[in-house]
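Visitor: I'm new to this structure and would like a close look at a single part of it. Could you pick one residue, start from what it touches, and then work outwards from there?

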Amino acid sequence: MSKTVRGRFAPSPSGRMHLGNVCCALLAYLAARSSGGEFILRMEDLDTGRCHPPYDRWILDDLAWLGLSWDEGPDCGGPCGPYTQSLCGELYAEAIRRLSERGLTYPCFCSRADLAAAQAPHLEDGTVRYDGRCSRLNEAARRQLAEKKRPALRLRVGAADVAFIDGLQGAQRSVLADSCGDFVLRRADGLAAYQLAVVVDDGRMGVTQVVRGRDLLASTARQLYLYRLLGYEPPAFFHIPLLVAPDGRRLSKREHDLDMGALRARFRRPEPLLGRIACLCGLIERPEPIGMEELIGLFRWDRIPQGDIIVNPERF
C-alpha cells in the first residue's frame, strides 16, 4: 500500500514573498494535492537578524489569497509541531547530542574570513570545502581557543558517498569529503545550522516530498547523510528551476515590483497571477486566468522544465 504524500512549503519570513517564492509554493502545493496528499506549512526563521514577526503574517495571508490551504502549520497547529523553527531549539539540541555521543562532531574555531582566505567557494551555494583543520587540534589547543572564541560544531563526513535520484534533475552523486568536507551543525552563536534544522524538521514531520529551488540541489547530499545518521526516512526531492532576469540574475526579494504586495495590487485576483505562473512553468500554453482546482488536475512533473526560467520584471 502506497504511503500518503506529505509535502511542505517552508518559507523564511525575512520579507514579502516574491515571484520565485510563490512559484515554489505553488508547485509544492500542486505536487502534493495532485497526489491526494497532505500539505504542511513551516516557518524557517532561524536567521534572527532578518526574520521578523510581520513577515510571517504576510506569508500566511498571501498564500491564503492565492488559494493554498494547509493541513498543518504555525497558525493551525497539528500533531508534528512546533511549525516555527525558532521554537525547536531543544529538538535540534537533542539531534546534535545523539551525533556527538557517537564521536561524529567536533568544535570548529574558524571564522568565515579564515575560510575565505584559505580557498575560493567550491559549491554553487557558496559553500567552502572545509579541510578539517580543527578536527586535528588536540584538547589543549581547543581549550586555549575556546577561551577567546565560541566555536561552531561540525559533523565528520568521513568517506560518505551519497547518491540519489532527483525527481526533476535526475541522477546525483556526491562524495562529501570532496564536495564540502565536514559541515556545520551548530553555528558559533549557538543556533542550529540550516542543514541540521531542515532534516530534523522534515524527518519528525514525516515529510515524504520536498519541492524547492534548484539552488539547493548541492546541499541535498549533506542532508541525506544526516537522514541516514539520525535514522529518518528521507523524502523524495524535486529541485525546480529558478526564475532569472534576462541578464541571468536570479530574481529575489529586492525585486519589489515582483513581490506579493505589488503582484496583488496589479492582478487584483489570484486567477490571472496563477495563470501567468502556470504558463511560465509549462502547465498551460497561454497565460490565461485559471483556478487552483483546475491547476491541480493539470499538474504533471514532465511538464516542468529543468533549466532556469527567464522572467522580464517589466513585462510580467
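Guide: Sure, let's start with phenylalanine 237. Leaving out residues up to four places away in sequence, Phe237 touches Ile165, Asp166, Gly167, Val210, Arg212, Thr220, Gln223, Leu224 and Tyr227. Bear in mind as we go that this is a predicted model.

Where does phenylalanine 237 sit? Its place is in strand β9. Is it buried or exposed? Phenylalanine 237 has a relative accessibility of 3%, and because buried means under 20%, it counts as buried. For a sense of distance, take serine 34: it is 203 residues away from Phe237 in sequence, yet their C-alpha atoms are 16 Å apart in space.

Phe237 also belongs to a bigger group. A nonpolar core of 38 residues includes Phe237 along with Leu99, Val162 and Tyr227. Tyr227 should ring a bell, as it was among the residues that Phe237 touches.

That core is separate from another one. The largest nonpolar core has 52 residues, and those with the most contacts inside it are Leu27, Leu63, Leu68, Leu273, Ile277, Trp301 and Phe316. The elements that give it two or more residues include α1 (19-33), α2 (53-66), α10 (270-280) and also β9 (236-240), the strand that holds Phe237. Helix α1 provides the largest share, 12 residues. Want to zoom in on one member? Setting aside neighbours within four places in sequence, leucine 63 is in contact with Phe9, Met17, Ala25, Leu41, Leu68 and Trp70.

Now back towards the surroundings of Phe237. Two of the elements to look for are β8 (209-213) and α8 (220-230), which are among those covering the buried residues of helix α7. The cover of α7 also includes β1 (6-9), α3 (89-101) and β7 (183-186). How many of the residues of α7 are buried? It's 10 of the 11 in residues 194-204, so the helix is largely enclosed by the rest of the structure. The buried ones include Leu196, Val198, Val199 and Val200, but also Asp201, Asp202 and Arg204. Just after α7 comes glycine 206, with a positive phi of about 65°.

Speaking of backbone angles, here are two other spots to find. Most residues other than glycine have a negative phi, and most peptide bonds are trans. Arginine 268 has a positive phi, near 70°. You'll find Arg268 in the loop between α9 and α10, and with a relative accessible area of 69% it is exposed. The other spot is the peptide bond from glycine 81 to proline 82, which is cis, with omega near 0°. Proline 82 lies in the loop between α2 and α3.

Finally, step back and take in the whole protein. There are 11 helices and 11 strands. The radius of gyration is 20 Å, close to the 20 Å that the globule rule gives for 316 residues, so the protein is as compact as a globular protein of that length. Its C-alpha trace spans about 65 × 45 × 40 Å along the principal axes. Phe237 has company in being buried, since 50% of the 316 residues count that way. And of the contacts between residues at least 6 apart in sequence, 75% join residues at least 24 apart.

Notes:
Residues numbered from 1 in each chain as written. Predicted model: local features only at pLDDT ≥ 70, side-chain atom pairs only at ≥ 80, totals over all residues. Heavy atoms only, no water. Helix = DSSP H or I, 4+ residues; strand = E, 2+ residues; numbered from the N terminus. Rg over C-alpha atoms; globule rule 2.2 N^0.38 Å. Buried < 20%, exposed > 50% of the residue type's maximum accessible area, 1.4 Å probe, protein only. Contact = heavy atoms within 4.5 Å. Core = buried A, V, L, I, M, F, W, Y, C linked by side-chain atoms within 4.5 Å.
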